[in-house]
Amino acid sequence: MWLRRAFYRWLMPAAVVLPLWLLIGWGIFNAGGWAFLWVLFIAIPSVFIGQLALTLLVRARAAVRETRMVSWWDVLGFGVWHTLTIAVGCYPQAWFPLLLTGAIAVALALFWLMLRQLWNEARGAGGGIRITMPASQAPPPEAEAQRPSRTRVDSEVFVIQENPASER
C-alpha cells in the first residue's frame with residue numbers, strides 16, 4: 001500500500017529529476033561531446049514530455065484520483081522504465097544501445113498500458129450523462145409544466161428589439 005502511494009507522489013517530481021539525472025550523469029561519467037548534444041536536444045525533452053504525459057494519463061483515472069495510489073501494473077511499469085532511464089544516464093559503453101532500446105520499448109509499452117487502464121476504467125463507469133444535483137434543489141418535472149409564464153414586465157428591465165437589416 002505504501003509503495004503504491006509513494007509511486008503516486010513520485011510521478012510528478014520524476015518528470016524533472018530523471019531528465020536532470022541524464023545531464024548530471026553525462027558530467028559524472030564523461031560521456032563525450034556528441035552524447036551531450038544527444039542529452040540536451042533529444043533525451044531531456046523526450047524523457048520530460050514522456051514522463052509528464054504518462055503521469056497525466058495515470059492521474060486521469062478516477063480510481064487513482066480517489067485513492068491517491070497507482071495500480072501494481074503502474075508500479076511495475078514505472079519501476080522498470082525509471083531503472084532503465086537511470087542506467088542509461090550512467091552511459092556504459094558496452095550496454096548503452098541495449099539499455100536505450102529497452103527504455104524506449106518500456107516507455108511505449110507503458111503508454112499503451114496507461115491507455116488500456118484508462119479505457120477499461122472509463123468503460124466500466126458506464127456511459128451517459130449523470131446529473132449530480134441534490135434532490136432538494138431539483139424541481140419536480142410536473143412543477144415546470146405548471147409554472148405560469150411571466151407576462152408582467154418589471155420596471156427595471158428594458159427590452160430593445162432591433163429591426164432586421166432587410167426592413168431598414
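When I speak of the angle between two helices, I mean the angle between their N-to-C directions, with each axis being a line fitted to the C-alpha atoms over the stretch in contact. Please keep in mind throughout that what we are looking at is a predicted model.

With that in place, let us take helix H2, residues 33-59, and helix H4, residues 72-88, which pack at an angle of about 170° with their axes 13 Å apart. Because an angle over 145 degrees counts as roughly antiparallel, H2 is roughly antiparallel to H4. On the H2 side the contact is made by Trp-38, Val-47, Gly-50, Gln-51, Leu-54 and Val-58, while H4 contributes Asp-74, Phe-78, Trp-81, His-82, Thr-85 and Val-88. Sorted by character, the residues of this contact are seven nonpolar, four polar and one charged.

Now to the aromatic rings, where a search of the whole structure finds six pairs. In one of them, Trp-21 and Phe-29 have ring centres 6.4 Å apart and planes at 80°, so this pair is edge-to-face. Trp-21 is partly exposed, at 22% relative accessibility, and Phe-29 is likewise partly exposed, at 37%.

Trp-38, which we met in the helix contact, also forms an edge-to-face pair with Tyr-91, at 6.5 Å centre to centre and with 90° between the planes. Since Trp-38 lies in helix H2 and Tyr-91 in the loop between H4 and helix H5, the pair ties together parts that are 53 residues apart in sequence. Both of these residues, Trp-38 and Tyr-91, are buried, and ring pairs link them with Phe-96 into a cluster.

Finally, Arg-59 lies over the face of Tyr-8, at 4.4 Å from the ring centre.

Key. Residues are numbered from 1 along each chain as its sequence is written. This is a predicted model: local features need pLDDT of at least 70, side-chain atom pairs count only at pLDDT 80 or more; totals for chains, interfaces and linings use all residues. Side-chain values use heavy atoms; hydrogens and water are left out. Axes are lines fitted to C-alpha atoms, for helices over the stretch in contact, and angles run from 0 to 180 degrees between N-to-C directions. Helices (H or I, at least four residues) and strands (E, at least two) are DSSP runs, numbered from the N terminus. Angles under 35 degrees count as roughly parallel, over 145 as roughly antiparallel, 65 to 115 as roughly perpendicular and the rest as oblique. Contact means heavy atoms within 4.5 Å. Ala, Val, Leu, Ile, Met, Phe, Trp, Tyr, Cys and Pro count as nonpolar, Asp, Glu, Lys and Arg as charged, and the others, Gly among them, as polar. Rings of Phe, Tyr and Trp (its six-membered ring) pair if their centres lie within 6.5 Å; planes under 30 degrees apart count as stacked, over 60 as edge-to-face and the rest as tilted. Buried means under 20% relative accessible area, exposed over 50%, partly exposed in between (1.4 Å probe, protein chains only). A charge sits over a ring if NZ of Lys or CZ of Arg is within 6 Å of the ring centre and within 35 degrees of the ring normal.
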